[in-house]
Amino acid sequence: MSTEQHATRRREDYRVPEYLVEEIRLTFQLYAESTVVTADTVYAVNQQSTDCTGRLQLSGENMELVEVRLDGRRLEADEFEVSAMDLILVPGKDRFELQVVTRIDPVANTALEGLYCSNGNYCTQCEPEGFRRITYFPDRPDVLARFTTRIEGDRQTCPVLLSNGNLIESGELGNGRHYAVWQDPFPKPCYLFALVAGRLVAIDDTFTTRSGRDIALRIFVEARNRDLCDHAMRSLKKAMQWDEDVYGLEYDLDVFMIVAVDDFNMGAMENKGLNIFNSRCVLASPQSATDQDFLGIEGVVAHEYFHNWTGNRVTCRDWFQLSLKEGLTVFRDQEFSSDMNSRAVQRIDDVQLIRNFQFREDSGPMAHPVRPDAYVEINNFYTVTVYNKGAEVIRMMHTLLGAADFRKGMDLYFARHDGQAVTCDDFVAAMADASGVDLGQFKRWYSQAGTPVVKVSGQWLAEKRRYVLRLRQSCPATPGQDGKEPFHIPIAVGLLDSRGRDMLNGDRDGTRVLELREREQSFSFPDIGEKPVLSFLRGFSAPVKVELDQSREELAFLLAHDTDLFNRWYAASKLSEIVVMETVARLQANAQPVLDSDFVAAVRANLQRPASDKALLALALQLPAETYLAQQMDTVDPVNLHRGREFVRSQLSSLLADEFRRIYDDNNEEGEYRITPEAMGRRSLKNVALAYLMARVPTDEEIYALCCGQYAEAGNMTDAIAALSCVTRIEGRRRQEILHHFYTRWQADPLVLDKWFTLQAVSPLADTLAEVTRLLANPSFSMKNPNKVRALIGAFCSGNHYRFHDVSGAGYAFLTDRIIELNATNPQIAARMLSPLTVWKRYDPVRQDLIRRQLERILAVDNLSGDVYEIARKSLQ
Ligand code: ARG
Ligand code: ZN
């Protein structure tokens, strides 16, 4: 496959559009396999543009062009050029109306971009470049237009017809058909356009804004899901309230709609006034959704709602600026969730995502800055770097400015840019201007890829009663970026005395924020009368790796005493990391592993301490994931890594059996199901205890019965899945029986079946790949449904490090077969599935060779999509 077919786009090539759009009127005549779209668009020359080619170039893909009219006159075939990707004509006037008629096939659209069908209902996904699969248009975010949308459809199969904005007209057409006209008063880029048509029911509510406007809230779902929307609706109202309280931001249309569909490439989409969601991010009941699902729904509903200001009212100039809206909106949803639930737990979850996935991306061939400089396929840049590292960058500005000035910066950003398409630079300028803080050096976080490493050494000078902290920063080279300039890094630190009390009187209760700007810099703390224990990078104040030699005693001390709850967890996780990696090293040296008795004592002490926050204790007890630990090895050794971690788990299980059992019993009381932080914390602690109890080798029969009992009697999905997950890790007849029971019970619920597929895919048992392969043929599985692909194939390849990396190479071949299959139907999902293969250079020569051959196989495929090409190609470079 040649490179010319997959052109690279560069940020530096940005030009303002030559033509702007004053308004667009769309008419959809919906038919399953042949929908006709008529777009009447008023164009005018952009006075800002200096390119005067006179050519109007409109993007368009995968459609049949029926006709083109310029100011009413039908153009002859020689008056325009049409290719597989665009339509070009020379209008010869500064202002004109163009009518474009296209025909599209929503049923055949398996890529799920543009207009497609999901369970017989029509829906759209236009971000980033899906609108060009609906009509020929300047499909770029800096062309904002007023949209009016007329939808005509069959009354029987499509009683509901929705688009952005307000319903201004509807009526009958005869022939069993009807129509609706929607008008969106806010100019928007076409990526925010949406259409939904189908047989749906609405769940209604209202929200009164602080200025007293009543907003109609409507969630549309298939009738079978009618009772599963309460949590999403409650979350929406909380999000609306929070955005008013924290940012003074009010909703701006009279109606806010959410639609849930089963087939969706991502989580959800913030189309103006008409958010479309993956049903996984909407539907929940205690019986069918876990606590994590409830939290996830609350976060995503809020995220999409928050986009109405950070994304829609102020949007991106071009897709290189994607983090302008995504990093900022992720930061906003994380803060919202922290305010609604446990702040410390939220922070730990967010940091685990960064450490487990973003750091890995940052150290591999796909490493890119938060604001990328180049891409082949923009869909490949909806990444943990743009989203989650982007959110960390916003968080660091919040730390450097403080909450009050950060809010001033947000206010200035909206005052300056409401209604505009802007850049990350514009955002930072608003923050700097509002606060007076110089963010010049800070902006390197947007342009330099890679995870900075901060080397720390601390020294207490007894005679001078002084503590000196010496910091050194560096950042490894990433593709296309060899040398890096130093970052401006906010480092929150505390010093603890021997009784665990904070010694610094910083502005944030014993925490001081240091600003590291140089490659090497020292910070001095006067009046430190005893040797302190350093609590470094509190709250994970920057997305960096820390190199700091702390003894196990110091870590155990921090675990017990740190006033920063995040760092308590960090100490626990660091301690277990050290112990697991030590075990792995012994296994690699063919030595008998032994579990460090001080570590066992620290865990025991942790279990015996009265747990003020059960969720935090549960998190502290969990060993780091294999995917995280793998990053700590020079050459990843999947087998010994798995064995070492399992050894530690089973040893803790037998040495601390009584403690785990007591914790289990103390927290097993399940009254009425509630999703408060306390109740969720209790359940997670109980289920971590159960997992440890079940990790004993060989399995304790009484515990096994206890676990099966929990599964059988569970009144909620959290407890049922926790028990089932323990059982699926142990071979035997009962495993099959319980899995079968679960399948039969939930056969009609695709979201619950996703869990069933995943549990089997992540099992460490030897025949997991064979089982996964068999499950591809299960009638409930479908390669056309992204949730199913992720639940089974994604879970095995990205969530089962040990079995996926089997040295036979069977896992690699399996994934490659699936990627080749998906490349033809859904390139976006195919490209996402590639990620476990991209980091092949971190493995031993045998595995390297096996993976490289599969990547080469992928690159040799005919009609390889740009999505898959880009990632496979970069991986081999
Ligand atoms: N803007 C959406 C969000 O809220 C993501 C949509 C991306 N879709 C895609 N096909 N890449 O994060
Ligand atoms: Zn988003």
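In which hand does α10 pass α14? In this predicted model, the crossing of α10 past α14 is right-handed. The two helices, α10 spanning residues 565-588 and α14 spanning residues 638-655, pack with their axes 8 Å apart and at an angle of about 125 degrees. That angle makes α10 oblique to α14. On the side of α10, the contact is formed by Val-579, Val-580, Thr-583, Val-584, Leu-587 and Gln-588, and these meet Asn-640, Leu-641, Arg-643, Gly-644, Arg-645, Phe-647 and Val-648 of α14. When the residues of this contact are sorted by class, seven are nonpolar, four are polar and two are charged.

A second helix pair is found at α1, which covers residues 230-247, and α2, where the axes come within 9 Å and cross at roughly 45 degrees. That crossing angle makes α1 oblique to α2, and the crossing is right-handed. From α1, the residues His-231, Ala-232, Ser-235, Leu-236, Ala-239, Met-240 and Asp-243 take part in the contact, while α2 contributes Phe-294, Ile-297, Glu-298, Val-301, Ala-302, Tyr-305 and Phe-306. Ten of the residues in the contact of α1 with α2 are nonpolar, two are polar and two are charged.

A third pair consists of helix α5, residues 384-401, and helix α6, residues 403-417, whose axes come within 6 Å and cross at roughly 120 degrees. The helices α5 and α6 are therefore oblique to each other, and their crossing is right-handed. In this contact, Met-397, His-398 and Leu-401 of α5 meet Ala-403, Asp-405, Phe-406 and Gly-409 of α6. By class, the contact of α5 with α6 holds four nonpolar residues, two polar residues and one charged residue.

At the level of domains, the assignment for the protein gives domain 1 as residues 9-287, domain 2 as residues 314-446 and domain 3 as residues 453-549. The centres of domain 1 and domain 3, taken over C-alpha atoms, are separated by 49 Å.

The surroundings of ligand 1 involve two of these domains, since the shell draws at least three residues from each of domain 1 and domain 2. In total, 14 residues surround ligand 1, and the closest are Glu-127, Asn-265, Met-266, Asn-379 and Tyr-382. The elements that give two or more residues to this shell are β20, residues 268-269, and α2, residues 291-306. By class, the shell around ligand 1 is made up of five nonpolar, five polar and four charged residues.

Several features of the backbone were also identified. Glu-127, one of the closest residues to ligand 1, is joined to Pro-128 by a cis peptide bond with omega near -5 degrees. Pro-128 is placed in the loop that runs between β11, residues 121-125, and β12, residues 145-154. Another cis peptide bond joins Val-697 and Pro-698, with omega at about -5 degrees, and Pro-698 is located in the loop between α16, residues 677-693, and α17, residues 701-713. Finally, Asp-71 has a positive phi of about 45 degrees although this residue is not a glycine, and Asp-71 lies in the loop between β5, residues 64-70, and β6, residues 73-74.

How values were computed. Residues numbered from 1 in each chain as written. Chains lettered and ligands numbered in written order. Predicted model: local features only at pLDDT ≥ 70, side-chain atom pairs only at ≥ 80, totals over all residues. Axes fitted to C-alpha atoms, helices over the stretch in contact; angles between N-to-C directions. Helix = DSSP H or I, 4+ residues; strand = E, 2+ residues; numbered from the N terminus. Parallel < 35°, antiparallel > 145°, perpendicular 65-115°, else oblique. Left-handed = near helix turned anticlockwise from the far one by under 90°. Contact = placed C-beta atoms within 7 Å. Nonpolar A, V, L, I, M, F, W, Y, C, P; charged D, E, K, R; others polar. Domains from an automatic or database assignment. Near = placed C-beta within 6 Å.
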